[in-house]
Amino acid sequence: MRTLSRLGATCAALATLALPATAAHATPGGPGVTAKLIARTTVGDQDYILREITIPPGQGTGWHYHDGTLYGFVKQGTLSHFDADCASDGVYPKGSSLKEPSGADHVHIGVNRGTTDIVLDVLYVLPHGAPFAQDAPNPGCDFE
C-alpha cells in the first residue's frame, strides 16, 4: 500500500509539469548504473512504472529513446542531458523535475559530470509491454 501511495503521489506531482525534455535510464548504462523497481501497474494499454535510477560519477545512460513519455525527479546529484545534435538541452540539479517525450526523434543521453551519485525517481508511461528504452547509436558526438 505504501508503494502505491508513493506511485500515486509521484504521478500526481509529475502530471502537473510542463517542463522541457530531459533524462532517463537507458538500456545499456555505463558501469555501476543501476535501477530499482518501486512500483508497476497497467491501466488499459499503458504501463506505469516507477523506478529509482542511480548513475555514478563519470557515467551515463547510453544513447537511447523511449516509446512513451517519462517524468523524473532528481533526488540527488546533478544530471546533464544532451540531445542528438550533441547540444546540452538541460542541466538538472537536486530538486529538479524532468519530462522526456517519446519517439525515435528524441534520441538523448544523460550524464553524471559531478562527483556524487545521481539518484532519479523516474515514472515511465509506456505502451503495454514496451521496453524501458530503445538503444540508439551515438549520433556523432565526441562523448558517450
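The side chain of Asn 112 reaches the backbone oxygen of Pro 56, at 3.3 Å. That distance comes from a predicted model, and I shall begin with the surroundings of this residue.

Asn 112 lies in the loop that links strand 8, residues 108-111, with strand 9, residues 118-127. Is Asn 112 buried or exposed? Its relative accessible area is 1%, and because the limit for a buried residue is under 20%, Asn 112 counts as buried. Leaving aside residues up to four places away in sequence, Asn 112 touches Ile 55, Pro 56, Pro 57, Gly 58 and Gln 59, together with Thr 78, Asp 117 and Ile 118. Pro 56 therefore appears both among these contacts and as the partner of the Asn 112 side chain, and Asn 112 is buried.

Let me turn to the sheet. Strand 9 belongs to an open sheet of 5 strands, arranged in the order 1-2-9-4-7 with antiparallel pairing. Which strands form the edges? They are strand 1, residues 34-43, and strand 7, residues 97-100, each of which pairs on one side only. From one strand to the next, the twist averages 15 degrees.

At one of these edges, strand 7 pairs with strand 4, residues 69-76, in the antiparallel sense, over 4 bridges. Within this pairing, Gly 72 has Leu 98 of strand 7 as its bridge partner.

Finally, a word on confidence. The protein has a mean pLDDT of 85, with 81% of its residues at 70 or more. Over residues 3-27, however, the pLDDT is below 50. In the model, that stretch has 61 contacts beyond near neighbours in sequence.

Notes. Residues numbered from 1 in each chain as written. Predicted model: local features only at pLDDT ≥ 70, side-chain atom pairs only at ≥ 80, totals over all residues. Heavy atoms only, no water. pLDDT = per-residue confidence, 0-100. Contact = heavy atoms within 4.5 Å. Pairing = 2+ DSSP bridges. Helix = DSSP H or I, 4+ residues; strand = E, 2+ residues; numbered from the N terminus. Axes fitted to C-alpha atoms, helices over the stretch in contact; angles between N-to-C directions. Buried < 20%, exposed > 50% of the residue type's maximum accessible area, 1.4 Å probe, protein only. Polar contact = N/O pair within 3.5 Å; in protein donor to acceptor, adjacent residues only side chain to side chain.
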